[in-house]
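Welcome! Here is a set of exercises for someone meeting this structure for the first time, each with a solution worked out in steps.

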Amino acid sequence: MTGETGLPPDPVDTRSAATLGGPERTSVAIRCVRAVRRAEGSNAPPPTPGGAPRAFLVESHFTNRHRNTVVPNPSPPHQTPMAAIIAESLTRIVRDADRMLAIVDQVSFAVSAGTSFSITGPSGSGKSTLLSLMAGLDAPSSGTIRVLGEDLAALGEEDRTRFRGRHIGFVFQSHQLMLQLTALENVMLPLEIQGKAGARRIASELLGEVGLADRLHHFPTTLSGGEQQRVGLARAYATQPRVLLADEPTGSLDAQTGERITALLFELQRNHGTTLVLVTHDEELAARCEAGIRLHAGKSLPRDPGAGSAQRMR
Ligand SMILES: Nc1ncnc2c1ncn2[C@@H]1O[C@H](COP(=O)(O)OP(=O)(O)O)[C@@H](O)[C@H]1O
Ligand SMILES: [Mg+2]
């Protein structure tokens, strides 16, 4: 028996979706599973190291199999660490033709909880790779990355996926919305996957917060680029992640729309008390963050040596 993509149906994924709750929940999640299968049945490109979207959608949403597995909350409120993210000599080495190349090279920094932190640098300097390491979507070759006190590399794959789904939100340059789902359904999806009650209400409120109360039932293709990115922001905040990773979130928008999205991003970050890591090649935008680093060929430099505002461990 094969599914509509010609692939055999995946009983695990279907079961996960079916255990989410009532018929409405199941239908949104299953439609999403089918959409992912359709995409993968086509000639969709494989994930790139910086290409978290597909891995995020599939892993974070559909590998949630062991719902009874106890994953310790890494940081209960009374133990909230001062630094939400700590990288120590973080290094990622890849094989490049005939040599080994350090695309993230001995990078150390700390991001204080509830603050905004920028990562700037030219194209190819390792920004997206660094973000993937922070999400546990890529593994360090050496060094450590701790998020909310948790050493991501020390977690098993299942626990790392659960940790990511529970604590980390993503915003990408390209909104990465599910085209087959409405704006409302896109925002409901991560909530339903986590089995949260009141997904429809929470998603509606968040879409209201980003100014899309009258676009709830629009499909992504009928929304403007800025509106799509607003849905992406609402989706990222839906599960109230403690850490939000944003990879050039305004990179594909015109200046005016980008400015509105940026303002919204910081407003949501403040309102929700989120730790925001913002990858951008825009130095002005980076300067609006409370701290940051600049990458050059995988190595980190202080964001602004003159101001001395970057947080470096050494
Ligand atoms: N798996 C890989 N193998 C070889 N080179 C890679 C791999 N992943 C990334 N790179 C290279 O590492 C560099 C950093 O990539 P990336 O993190 O995407 O940079 P940025 O986001 O700053 O543009 C690029 O030169 C990219 O081509
Ligand atoms: Mg990049």
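The exercises below go from the overall picture to the sheets, then to a helix pair and a single residue.

**Exercise 1. Getting an overview**

Find how many helices and strands the protein has, and what share of its residues is buried.

*Solution.* Keep in mind from the start that this is a predicted model. Start with the secondary structure: there are 10 helices and 10 strands. Next, turn to burial: of the 314 residues in the protein, 43% are buried. Finally, look at the contacts with a separation of 6 or more: 71% of them link residues 24 or more positions apart.

**Exercise 2. Tracing the sheet of 6 strands**

Work out the strand order of the open sheet of 6 strands and say which strands lie at its edges.

*Solution.* Step one is the order, which reads β6-β7-β8-β3-β9-β10, and the pairing is mixed. Step two is to find the edges: β6 (168–171) and β10 (299–302) each pair on one side only. The average twist from one strand to the next is 20°.

Step three is to follow some of the pairs. β6 and β7 are parallel and share 4 bridges; here Val171 has Ala246 of β7 as its bridge partner, and Phe170 stands opposite Leu245 in β7. β7 and β8 also run parallel, joined by 5 bridges, with Leu245 partnered by Val277 in β8. At the other end of the order, β9 (residues 291–296) and β10 run antiparallel and are joined by 4 bridges. There, Leu295 has Ser300 of β10 as its bridge partner.

**Exercise 3. Checking the faces of two strands**

For β6 and β7, decide whether the residues pointing to either side are buried or exposed.

*Solution.* Begin with β6: Ile168 and Phe170 lie on one side, Gly169 and Val171 on the other, and all of them are buried. Now take β7: Val243, Leu245 and Asp247 point one way, Leu244 and Ala246 point the other way, and all are buried. With 5 of its 5 residues buried, β7 is therefore largely enclosed by the rest of the structure.

**Exercise 4. Tracing the sheet of 4 strands**

Give the order of the open sheet of 4 strands, then locate helix α4 against the strands.

*Solution.* The order is β2-β1-β4-β5, and the pairing is antiparallel. β2 (99–112) and β5 (150–151) are the edge strands; each has a single partner strand, so one side of each lacks a neighbour in the sheet. Between β4 (residues 142–147) and β5 there are 2 bridges, in the antiparallel sense, and Arg146 is partnered by Asp151 in β5.

Now bring in the helix. α4 lies across β1 (83–96), β2 and β4, at about 60° to β2. Helix α4 (residues 127–134) also lies across β3 (116–120), β7 (243–247), β8 (275–279) and β9, at about 155° to β8.

**Exercise 5. Describing a helix pair**

Describe how α6 packs against α8, and say which residues make the contact.

*Solution.* Two numbers are needed, because a pair of packed helices is described by the angle between the axes and the distance between them. For helix α6 (residues 183–193) and helix α8 (residues 225–238), the angle is about 20° and the axes are 8 Å apart. Angles under 35 degrees count as roughly parallel, so α6 is roughly parallel to α8. The crossing is right-handed.

On the α6 side, the contact is made by Ala183, Asn186, Val187, Pro190 and Leu191, and on the α8 side by Val231, Ala234, Arg235 and Ala238. Sorted by class, this contact has 7 nonpolar, 1 polar and 1 charged residues.

To finish, check the burial of α6: 11 of its 11 residues are buried, among them Glu185 and Glu192. Just after α6, Gly195 has a positive phi of about 70°.

**Exercise 6. Looking around one residue**

Decide whether Phe117 is buried, and list its contacts beyond its neighbours within four places in sequence.

*Solution.* First, place the residue: Phe117 is in strand β3. Then apply the cut-off, which is 20 or more other C-beta atoms within 10 Å. Phe117 has 24 C-beta neighbours inside 10 Å, so it counts as buried. Leaving aside neighbours within four places in sequence, its contacts are Val111, Leu276, Val277, Cys289, Glu290, Ala291 and Gly292. Lastly, compare sequence with space: Phe117 and Arg288 are 171 residues apart in sequence, with their C-alpha atoms 9.0 Å apart.

Methods: Residues numbered from 1 in each chain as written. Chains lettered and ligands numbered in written order. Predicted model: local features only at pLDDT ≥ 70, side-chain atom pairs only at ≥ 80, totals over all residues. Axes fitted to C-alpha atoms, helices over the stretch in contact; angles between N-to-C directions. Parallel < 35°, antiparallel > 145°, perpendicular 65-115°, else oblique. Left-handed = near helix turned anticlockwise from the far one by under 90°. Contact = placed C-beta atoms within 7 Å. Nonpolar A, V, L, I, M, F, W, Y, C, P; charged D, E, K, R; others polar. Buried ≥ 20, exposed ≤ 12 C-beta atoms within 10 Å, placed from the backbone. Pairing = 2+ DSSP bridges.
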